[in-house]
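This report goes through a few local features of the structure shown below, followed by its pockets and its nonpolar cores.

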Amino acid sequence: MKVFALALVMLIGCGGDGPWSRASIPTVRSLAAVWAFAANDVWAGGTTLLHYDGASWTPHAAWPANTDVQDLWGFAPNDLWAVGNNKVFQWNGSAWREVAIGPSASQVDLNAIWGVSARDLWVGGGINGEAFHYTGTTWIRTITQAVIIQDLWGSAANDVWAAGQFGLSRWNGTAWMKVDSNDVTSPSGLWGFGANDVWVAGGFGTLSHWDGRKWTKTPYDEDNHFGDHVALWGRATDDLWAVGENGIVSHWKGTKWSSSNLSETVYLGGISGSPAGDIWIVGNDLRAAKGLVYHQGP
């Protein structure tokens, strides 16, 4: 396996929160998801799966060939989950195993994964807005009103949100209920800090907040940094990040968003951070037609 050294190709300020460094990575066609356990244990997935050990990014030899990665969710370094195509995989620290859903998911492209534990996990996607619930032994198929689910997030086992092409749906422990709001446009990213503190990212720069009673669209510096927000990740209620089209990166500090564009020729589709304080963003360089990774240190 060839080792690719981490290189700081460029440094870019970001809404006063930079600089961001672009990492040197193996050539991949695209990257869609990232999960960081530690500063020396980061995963990035797309048309293949990459791993960062603190010194270099390398293709992960144990990842099944010809299998894309659309989303990642982790509980521990030896308990990482990935979805792609119509399959679900779990990493136990030494090997990947497929956790077969069965025939009901054979035609469903899975885009999203979220869970409370390895015995209480949700995956979703599909033109019918299918969401599959894993109990640790079996999968249960449900249908949301979201349609083509792009992301999942929950505050508890009986409170799960789904974002999709037709809007938002919410699981109450028994059924999915459609969530109507004029302040949420084409939702694609979800993150939150409790049942009454949920954020959604979406089309036309949407960054909206749920306070337990209603959704409120929060403004960002769209005059200078316009672009659809795609993905969210946050460490605390006053430290939330959103990324998306045209290289847009927005940072919520508790009272307002600061935004900037890393590059207008990149699409940013995933973001994650480690307890050490560093943050990783993955996406695609549209001009070069290949995946990319940005990093910001603590």
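Is Asn85 buried, partly exposed or exposed? With a relative accessible area of 30%, Asn85 is partly exposed, where buried means under 20% relative accessible area, exposed means over 50% and partly exposed lies in between, computed with a 1.4 Å probe on protein chains only. The model is a predicted one, in which local features need pLDDT of at least 70 and side-chain atom pairs count only at pLDDT 80 or more, whereas totals for chains, interfaces and linings use all residues. Residues are numbered from 1 along each chain as its sequence is written, and side-chain values use heavy atoms, with hydrogens and water left out.

**Backbone and strands**

Most residues other than glycine have a negative phi. Asn85, although not a glycine, has a positive phi of about 55 degrees, and Asn85 is found in the loop between strand S9 (79-84) and strand S10 (87-91). Strands are DSSP runs of E with at least two residues, numbered from the N terminus. Phe204 is likewise not a glycine and has a positive phi of about 55 degrees; Phe204 is found in the loop between strand S21 (197-202) and strand S22 (207-210), and at 62% relative accessibility it counts as exposed.

Strand S14 (residues 130-134) and strand S15 (residues 139-143) run antiparallel and are joined by five bridges, where two strands pair if DSSP finds at least two bridges between them. Glu130 has Ile143 in S15 as its bridge partner. Four residues lie between S14 and S15 in this hairpin, and Gly136 in the turn has a positive phi of about 105 degrees.

Val266, by contrast with the loop residues, has its place in strand S28 and is buried, with a relative accessible area of 1%. Val266 and Asn246 are 20 residues apart in sequence, yet 5.6 Å apart in space, C-alpha to C-alpha. Not counting residues up to four places away in sequence, Val266 touches several residues, including Asn246, Asp285, Leu292 and Tyr294, contact meaning heavy atoms within 4.5 Å.

**Pockets**

A pocket is an open set of points on a 1 Å grid over the protein atoms alone, where a 1.4 Å probe fits, with protein on both sides within 12 Å along at least five of seven lines; lining residues have an atom within 4 Å of a point. Volume is the space filled by probe spheres set on the points, which are joined across faces, edges and corners.

| Pocket | Volume | Residues closest to the centre |
|---|---|---|
| Largest | about 590 Å³ | Ala32, Gln70, Asp71, Ala231 and Gly269 |
| Second largest | about 150 Å³ | Ser186, Pro187, Ser188, Gly203 and Asp228 |

The lining of the largest pocket has 18 nonpolar, twelve polar and three charged residues, with Ala, Val, Leu, Ile, Met, Phe, Trp, Tyr, Cys and Pro counted as nonpolar, Asp, Glu, Lys and Arg as charged, and the others, Gly among them, as polar. The lining of the second largest pocket divides into three nonpolar, eight polar and two charged residues, and S20 and S24 each supply at least two of its residues.

**Nonpolar cores**

A nonpolar core is a set of buried Ala, Val, Leu, Ile, Met, Phe, Trp, Tyr and Cys residues joined through side-chain atoms within 4.5 Å. The largest has 75 residues, and Trp215 is one of those that touch the most other members. Leaving aside neighbours within four places in sequence, Trp215 is in contact with residues including Trp161, Leu168, Trp199 and His209. Apart from the largest core lies another, of 14 residues, among them Val28, Leu31, Tyr52 and Val282.
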